[in-house]
Amino acid sequence: MTDHELTVRRARPDDIPGLVASSAGLFAEDAGTRDPSVDVDWPLRHGAESFTAALADPARLVLVVDHAGEVVGHLTGTLTEPSAVRPVKSATLNALYVRAAHRRARVGERLVAEFLAWAETQGATQAEVAAYTANPDAIRFYERQGFGAHEVTLRSGLGRKAEVESGANGETDGVS
């Protein structure tokens, strides 16, 4: 497959079924294998409504990867206006997915480049993206696109604290 067979463009309303399918693929492949707290059926139930709203919102970007009229990937991004806590305009890359058969065509790089260009033209001074720590391929991909680690989110499953603290021999790990 060559780059010429794939087009990166702004999404249109008639792309919504393809966007929902692409989003469902992302949820199943990424969160579905790495985060049991995510409802992997969310795109099928709410994706059409969400993408419809996104297409009408100037603070959101929705791109598709088009292959012969079929959506085979997508990117979504949002802008966050400055606030008292963070007095800079930011752009967040919320989702990026390309079907496995089309990943070696470097279309992910084109999606990110379009997102970064959009963010800059919208006045954002920084861009961010989150990736699961259990997805080192995604982390390496985003690092190659110029993103770097900034913060780490630590999670604790509630309701299991006594079980975790007791461990095999009843000792804790010494962290207080």
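**Exercise 1.** In this predicted model, find which residue takes a positive phi in the hairpin of S2 and S3, and state how many residues lie between the strands.

*Solution.* Begin with the two strands of the hairpin, S2, which covers residues 60-67, and S3, which covers 70-80. Between these strands the hairpin has two residues, and Ala68 is the residue with a positive phi, near 55°. Next, follow the pairing away from the turn: S2 and S3 are antiparallel and are joined by eight bridges, and across this pair Val65 stands opposite Gly73 of S3.

**Exercise 2.** Work out in which order the strands of the open sheet are arranged, and which strands form its edges.

*Solution.* The open sheet has five strands in the order S1-S2-S3-S4-S5, and its pairing is mixed. The edges are S1 (7-10) and S5 (126-129), each of which pairs on one side only. From one strand to the next, the twist averages 25°. At the S1 edge, the step to S2 is antiparallel and is made by four bridges, with Arg10 having Leu63 in S2 as its bridge partner.

**Exercise 3.** Describe which strands helix H1 lies across and which strands helix H3 touches, then decide whether S2 is mostly covered or uncovered.

*Solution.* Take helix H1 (residues 16-34) first: it lies across S2, S3 and S4 (90-98), and runs at about 80° to S3. Helix H3 (residues 107-121) also packs on the sheet, where it touches S1, S2, S3, S4 and S5, and its direction makes about 160° with that of S4. Finally, apply the cut-off for buried residues, which is under 20% relative accessible area: six of the eight residues in S2 are buried, so this strand is mostly covered.

Methods. Residues are numbered from 1 along each chain as its sequence is written. This is a predicted model: local features need pLDDT of at least 70, side-chain atom pairs count only at pLDDT 80 or more; totals for chains, interfaces and linings use all residues. Side-chain values use heavy atoms; hydrogens and water are left out. Two strands pair if DSSP finds at least two bridges between them. Axes are lines fitted to C-alpha atoms, for helices over the stretch in contact, and angles run from 0 to 180 degrees between N-to-C directions. Contact means heavy atoms within 4.5 Å. Buried means under 20% relative accessible area, exposed over 50%, partly exposed in between (1.4 Å probe, protein chains only).
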